[in-house]
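This report describes the chain shown below, with attention to its side-chain pairing, overall form and surface charge.

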Amino acid sequence: AAQRELESKMADSTQEIERLTEELKRNKIESHQFDSLSSEIDNLKQGFYREKDELMSTLVLKGEVIQELETKSNVLAKDKCELMSALGMKEESIQRLQKEREELEEKIDQ
């Protein structure tokens, strides 16, 4: 009876050892998968930050271009106003000269 009890305990111990060995194998696999996923996450983070930096750099450049275009637009608007003013003065001069011409023609006709 004592031997059977001992054999039963040995069998139970053997089963427990096998179960623990399998669990250890699963844990090692899960640990490896975790390490692999962790490494993949780190790579994705690095890629994300790299892309973010590139986008920020592009935004800064686009902002500078926009400011430059706004400055040029303001200069062109000022130039347009000056040209319109000069055109207005020339039109006045033309009208004045036409009136003087008409007056001279009337004097010649008299």
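E22 is partly exposed, its relative accessible area being 41%; here buried means under 20% relative accessible area, exposed over 50%, and partly exposed in between (1.4 Å probe, protein chains only). The model is a predicted one, in which local features need pLDDT of at least 70 and side-chain atom pairs count only at pLDDT 80 or more, while totals for chains, interfaces and linings use all residues. Residues are numbered from 1 along each chain as its sequence is written, and side-chain values use heavy atoms, with hydrogens and water left out.

**Salt bridges**

E22 is joined to K25 by a salt bridge, defined as a side-chain nitrogen of Lys or Arg within 4 Å of a carboxyl oxygen of Asp or Glu. K25 is likewise partly exposed, at 47% relative accessibility. The two residues are three positions apart in helix α1, so about one helical turn separates them. Helices (H or I, at least four residues) and strands (E, at least two) are DSSP runs numbered from the N terminus.

By the salt-bridge rule, the count comes to seven. Three of the pairs are set out here.

| Pair | Closest N to O distance |
|---|---|
| E22 and K25 | 3.7 Å |
| E5 and K9 | 3.6 Å |
| E100 and R96 | 3.6 Å |

E5 and K9 both belong to helix α1 and are four residues apart, about one turn of the helix. E5 is partly exposed, with a relative accessible area of 47%. E100 and R96 are also both in helix α1, four residues apart, or about one turn. Their relative accessible areas are 36% for E100 and 46% for R96, and each residue is partly exposed. In addition, E16, R19 and E23 form one network through salt bridges that share partners.

**Overall form**

The secondary structure consists of one helix and zero strands. The chain has a radius of gyration of 47 Å, whereas a compact globule of 110 residues would be near 13 Å; this radius is taken over C-alpha atoms, and the globule rule is 2.2 Å times the number of residues to the power 0.38. Along the principal axes, the C-alpha atoms fill a box of roughly 160 × 20 × 10 Å. Of the 110 residues, 1% count as buried. The accessible surface comes to about 10,800 Å², with 57% of that area belonging to carbon and sulfur atoms; such areas come from the Shrake-Rupley method with a 1.4 Å probe, and for residues only the protein chains shown count as cover.

**Charge**

The chain carries 18 positive and 27 negative side chains, and the centres of the two sets lie 2 Å apart. Lys and Arg count as positive and Asp and Glu as negative, with His and the chain ends not counted. On the surface, E102, E103, E106 and D109 gather in a patch of negative charge. Patches are made of residues with over 30% relative accessible area and no salt bridge, like charges being joined within 9 Å. E102 is found in helix α1, which spans residues 2-109, and is partly exposed at a relative accessible area of 48%.

Technical notes:
Patches are made of residues with over 30% relative accessible area and no salt bridge: like charges are joined within 9 Å, nonpolar side chains (Val, Leu, Ile, Met, Phe, Trp, Tyr) within 5 Å. The place of a charge is taken as NZ of Lys, CZ of Arg, CG of Asp or CD of Glu.
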